[in-house]
Amino acid sequence: RYLTETNGFNGIIDDVRLYRVAMTAEELKTIAGFNGIDGDLLAKFDFSNSTGDQVRDMGTFKLTGTLRNDAKIVTLGTQETGIFNVLSLGANQGYFDMGAPLGDLLVQATDYTISAYYRVAESNNDLHQNGNFLWNFSNSADAMQDQNGYLIAILKDQSISITPGYYTSASGNQ
């Protein structure tokens, strides 16, 4: 989210994964069942292993992510439908910080796949505004000010943007 935005994502996220390879459609169908691909899974945060504001990665490297601002783990479902721990970002500027060690792994990847299942509350009418990101990998806590690059998944138009500098095309934004 941009610091000046006040609308909030107000959604929940279950199972964020980052792979070091680009995946085919068939491979993505396979992992949709949460099977994973041995040896290529860099991180898997399924929010079932948390203590306080710390969430443990279920992948190979056992990294730790941190819940920030109003983000929290909530439980959804019943015995009949299944019980799931999910990430709730709240209505403000909550986020899940996957940490610099994951960034150190990602920067070495030439091809990768990121997947996440998410649900947006029916009452949320603000996704059409800028600043609602499913993920943001950046070199700064304030990318608008520092302008030193990021990779973002934008919810308002279901797109991905990558730039070495800033969001304008002059900076190399794609």
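Strands E5 and E8 pair in the antiparallel sense, over three bridges. This is a predicted model, so please take everything I say today as a description of that model. One residue pair to look at here is arginine 68, which stands opposite tyrosine 95 in E8.

On the other side of the discussion is E4. Strand E4, residues 54-56, pairs with strand E5, residues 64-68, again in the antiparallel sense and over three bridges. Two positions show the register. Glutamine 54 has threonine 66 in E5 as its bridge partner, and arginine 56 stands opposite threonine 64 in E5.

Put these together and you have an open sheet of four strands, in the order E3-E4-E5-E8, with antiparallel pairing. Which strands are at the edges? They are E3, residues 50-51, and E8, residues 95-97, and each of them pairs on one side only. As a reminder, strands of a sheet pair through backbone hydrogen bonds, either parallel or antiparallel.

Now follow the chain out of E5. Asparagine 69 is found in the loop between E5 and strand E6, which covers 72-78. Its phi is near 55°, a positive value in a residue other than glycine. Most residues other than glycine have a negative phi. Is asparagine 69 buried or exposed? Asparagine 69 counts as exposed, because its relative accessibility is 55% and the cut-off for exposed is over 50%.

There is a second case of this kind further along. Glutamine 147 is not a glycine either, and has a positive phi of about 50°. It sits in the loop between helix H3, residues 143-146, and strand E11, residues 150-154. At 38% relative accessibility, glutamine 147 counts as partly exposed.

That brings us to E11 and its partner. E11 and E12 run antiparallel and are joined by five bridges. Within that pairing, isoleucine 152 stands opposite serine 161 in E12. The two strands form a hairpin with four residues between them, and in this hairpin glutamine 158 takes a positive phi near 50°.

Stay on E12 for a moment, since isoleucine 162 lies in that strand. At 37% relative accessibility, isoleucine 162 counts as partly exposed. What does isoleucine 162 contact, leaving aside its neighbours within four places in sequence? The list is Tyr150, Leu151, Gly172, Asn173 and Gln174. For asparagine 173 we also have a backbone distance: its C-alpha is separated from that of isoleucine 162 by 5.8 Å, and the two residues are 11 apart along the chain.

Next, the loop between E9 and E10. Leucine 127 lies in that loop, and leucine 127 is buried, with a relative accessible area of 18%. The cut-off matters for this one, because buried means under 20%. Leucine 127 and lysine 156 are 29 residues apart in sequence, yet 5.0 Å apart in space, C-alpha to C-alpha.

Asparagine 132 has its place in the loop between strand E9, residues 113-120, and E10. Asparagine 132 is buried too, with a relative accessible area of 1%. What lies 3.2 Å from a polar atom of its side chain? The backbone oxygen of glutamine 129 does.

On to the largest pocket. The space in it is about 1500 Å³. Its lining counts 47 residues, and those nearest its centre are Trp135, Asn136, Phe137, Ser138 and Ser140. Several elements give two or more residues to the lining: strand E1 (11-19), E8, helix H2 (100-106), strand E10 (133-138), H3, E11 and strand E12 (159-163). You will recognise E8 from the four-stranded sheet, and E11 and E12 from the hairpin. Which element gives the largest share of the lining? That is E10, with six residues. By class, the lining has 29 nonpolar, 15 polar and three charged residues.

Last, the chain as a whole. It has three helices and 12 strands. Of its 174 residues, 40% are buried. Take the contacts between residues at least 6 apart in sequence: 48% of them join residues at least 24 apart.

Technical notes:
Residues numbered from 1 in each chain as written. Predicted model: local features only at pLDDT ≥ 70, side-chain atom pairs only at ≥ 80, totals over all residues. Heavy atoms only, no water. Pairing = 2+ DSSP bridges. Buried < 20%, exposed > 50% of the residue type's maximum accessible area, 1.4 Å probe, protein only. 1 Å grid on protein atoms, 1.4 Å probe; cavity = no way out; pocket = protein on both sides within 12 Å on 5 of 7 lines; lining within 4 Å. Points joined across faces, edges and corners; volume = space filled by probe spheres on them. Nonpolar A, V, L, I, M, F, W, Y, C, P; charged D, E, K, R; others polar. Polar contact = N/O pair within 3.5 Å; in protein donor to acceptor, adjacent residues only side chain to side chain. Contact = heavy atoms within 4.5 Å.
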